[in-house]
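Got a protein fold on your screen and no idea where to begin? Let's read one together, a feature at a time.

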Amino acid sequence: MEEFMIYDYIVKDNEGRDISLKDFEGKVLLIVNTATKCGFTPQYEGLEALYEKYKDRGFVILDFPCNQFGGQAPGNSDEIKSFCSLNFGTTFPQFEKVDVNGENESPLFTYLKSQQKGILGGAIKWNFTKFLVDRNGNVTDRFAPSTKPEKIEEKIEELL
């Protein structure tokens with residue numbers, strides 16, 4: 001049986017178009033489940049700072065809004081995108097809202113959790129859980145929602 005890789009997944013961008021993660025092959029990825037009305041929402045600022053600093057070296061943040069935790073990502077894709085760009089100036093790719101746990105969870109997040117279990121044995125605890133992926137598609141690290149983006153900069157630099 002062939003082993004799945006992160007590049008085998010197809011996700012929908014925030015305009016509903018299919019995007020193959022193969023498009024990001026060879027890049028260092030930070031995949032984050034986000035929310036616009038969460039105590040961690042200000043992390044968008046730190047995420048954008050990392051993206052601006054390292055995007056020219058092959059670093060990309062993939063933003064997946066998720067409304068599973070306290071309904072903290074209300075609104076449709078346009079409203080979420082508008083909120084993020086107006087309030088935090090985000091320019092990294094944003095995708096369609098997803099579930100990260102449960103029967104309707106995104107297959108991508110099923111895969112990420114299988115690669116980096118975390119403290120709950122896999123389940124994502126809250127918004128702004130971050131998965132770091134190296135240039136070869138290996139999920140190298142998982143960071144808790146409380147881990148500020150600037151705290152993972154060193155790990156990103158190592159992979160770049």
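What follows is a chat between a learner and a teacher about this predicted model.

Q: Let's start with the strands. In what order do the 4 strands of the open sheet sit?

A: To read a sheet, walk across it from one strand to the next. Here the walk goes β4-β3-β5-β6, and the pairing is mixed. At the two edges you find β4 (59–65) and β6 (139–143), each of which pairs on one side only. As you go from one strand to the next, the twist averages 15°.

Q: Can we zoom in on one pair? How many bridges join β5 to β6, and which way do these strands run?

A: Sure, pick a pair and look for its bridges. Strand β5 (residues 130–133) is joined to β6 by 4 bridges, and the two run antiparallel. For an example, find Phe131: its bridge partner in β6 is Arg142.

Q: Which strands does helix α3 touch when it packs on the sheet?

A: For this you check contacts, then directions. Helix α3 (residues 107–115) touches β3 (28–34), β4, β5 and β6. Compare its direction with that of β6 and you get about 95°.

Q: Now a helix by itself. How far does α2 reach from its first C-alpha to its last?

A: You compare the reach with what's expected at 1.5 Å a residue. Helix α2 (residues 77–88) has 12 residues and reaches 16 Å, close to the 16 Å expected.

Q: Which residues of α2 are buried?

A: Buried means under 20% relative accessible area. In α2 that picks out Ser77, Ile80, Cys84 and Phe88. They cover an arc of only 70° around the axis, so they sit on the same side of α2. Those buried residues pack against α1 (43–54) and β4. Turned away from that buried side is a face with the exposed residues Asp78 and Leu86.

Q: What goes on at the start of α2, and what comes just after it?

A: Look at both ends of the helix. At the start, a side-chain oxygen of Asn76 reaches to within 3.0 Å of the backbone nitrogen of Asp78. Just after α2, Gly89 takes a positive phi of about 65°.

Q: One last residue: is Asp13 buried or exposed?

A: Place it first, then check its accessible area. Asp13 lies in the loop between β1 (10–12) and β2 (18–20). Its relative accessible area is 7%, which means Asp13 is buried. Leaving aside neighbours within four places in sequence, Asp13 is in contact with Ile19, Gln94, Phe95 and Glu96.

Conventions:
Residues are numbered from 1 along each chain as its sequence is written. This is a predicted model: local features need pLDDT of at least 70, side-chain atom pairs count only at pLDDT 80 or more; totals for chains, interfaces and linings use all residues. Side-chain values use heavy atoms; hydrogens and water are left out. Two strands pair if DSSP finds at least two bridges between them. Axes are lines fitted to C-alpha atoms, for helices over the stretch in contact, and angles run from 0 to 180 degrees between N-to-C directions. Contact means heavy atoms within 4.5 Å. The expected span of a helix is 1.5 Å times one less than its number of residues. Buried means under 20% relative accessible area, exposed over 50%, partly exposed in between (1.4 Å probe, protein chains only). The arc is that of the directions from the helix axis to the C-beta atoms. A polar contact is a pair of N or O atoms within 3.5 Å; within protein, one must be able to donate a hydrogen and the other to accept it, and residues adjacent in sequence count only if both atoms are side-chain atoms.
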